[in-house]
Every structure is written in structure tokens, then in C-alpha cells.
Amino acid sequence: MTGLIHIGFGNIVNTEKIVAIVSPDSAPVKRLVQSAKESGMAIDATQGRKTKAVLVMENSQLVLSALLPETIAGRAQAEGQDTDEA
């Protein structure tokens, strides 16, 4: 079964496709986000709020979330534990 996690405001992401969850505060990540926006590879799931986490996906797309990276990682780990117990 594919793991799906809620990343805020009714948006859901496939956990099996996530490569990394990073904070958008560093200059290299800001450049990566800007480049992805320009090339159409960024998915903005913030609903106009401040971006607090950037999810790097397998297909080089970036998903921008208004939730903290720790929150998303905790949800992904909880999803993994639920799958292991089933």
C-alpha cells in the first residue's frame, strides 16, 4: 500500500516518492526553489502562507509546504510505522 501523508491545507503527498524534506532558509535551497518555479517543477501547497518546508521528490519536482519539516517527517515516520504493523 502506498503511504500518503497530509502536508497541510488538504494536500497529500506519496511518501514513497519523497527524497528529502529540507528547510527553505538556506541560500542554496532558495536558489533551487526559484529555479524550480521558473521551470514549472515547483508545486506550491502553501495556500499563500510562508514556505516552511521543501519536499524534494524523485522526479526532481519540489513541493512547497507551510508545515515545518519536523512535522512532515514525523507524519511520514508514523505512516511507516502503521504500515509495518499491518
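These legends go with close-up views of a predicted model.

**View 1. An open sheet of four strands, seen with its helix****.** Reading across the sheet, the strand order is β3-β5-β6-β4, and the pairing is mixed. The edges belong to β3 (18–22) and β4 (42–44), each of which pairs on one side only. On average, and ignoring direction, neighbouring strands here are turned by 20° against each other. Helix α1, covering residues 27–39, packs on this sheet and touches β3, β4, β5 and β6. Compare the direction of the helix with that of β6, and you get an angle of about 110°. As a general reminder, strands of a sheet pair through backbone hydrogen bonds, either parallel or antiparallel.

**View 2. Strands β5 and β6, side by side****.** Here residues 53–57 (β5) and residues 62–65 (β6) pair in the antiparallel sense, with four bridges between the strands. If you want a landmark, look for L55, which stands opposite V63 in β6. The loop between β5 and β6 holds S60, whose phi is positive, near 70°, though the residue is not a glycine. S60 counts as exposed because its relative accessibility is 53%, and the cut-off for exposed is over 50%.

**View 3. The β1–β2 hairpin****.** Strand β1 (residues 4–8) and strand β2 (residues 11–14) run antiparallel and are joined by four bridges. One pairing to pick out is H6 with its bridge partner in β2, I12. Two residues sit between the strands, and F9 in the turn has a positive phi of about 55°.

**View 4. The loop between β4 and β5, with Q47****.** What is the phi of Q47? The value is near 55°, so to speak on the positive side, in a residue other than glycine.

**View 5. The largest nonpolar core****.** Ten residues make up this core: I5, I7, V13, I18, A45, A53, L55, M57, V63 and I72. Two elements, β1 and β5, give two or more residues to the core, and β5 has the largest share with three. Apart from this core lies another one, of six residues, including V33, A36, V54 and L64. In general terms, nonpolar side chains tend to be buried together in soluble globular proteins.

**View 6. V63 and its contacts****.** Which residues does V63 touch, once its neighbours within four places in sequence are left aside? The contacts are I7, V13, I43, A45, A53, V54, L55 and M57. V63 also belongs to the largest nonpolar core, along with I7 and V13.

Conventions:
Residues are numbered from 1 along each chain as its sequence is written. This is a predicted model: local features need pLDDT of at least 70, side-chain atom pairs count only at pLDDT 80 or more; totals for chains, interfaces and linings use all residues. Side-chain values use heavy atoms; hydrogens and water are left out. Two strands pair if DSSP finds at least two bridges between them. Axes are lines fitted to C-alpha atoms, for helices over the stretch in contact, and angles run from 0 to 180 degrees between N-to-C directions. Contact means heavy atoms within 4.5 Å. Buried means under 20% relative accessible area, exposed over 50%, partly exposed in between (1.4 Å probe, protein chains only). A nonpolar core is a set of buried Ala, Val, Leu, Ile, Met, Phe, Trp, Tyr and Cys residues joined through side-chain atoms within 4.5 Å.
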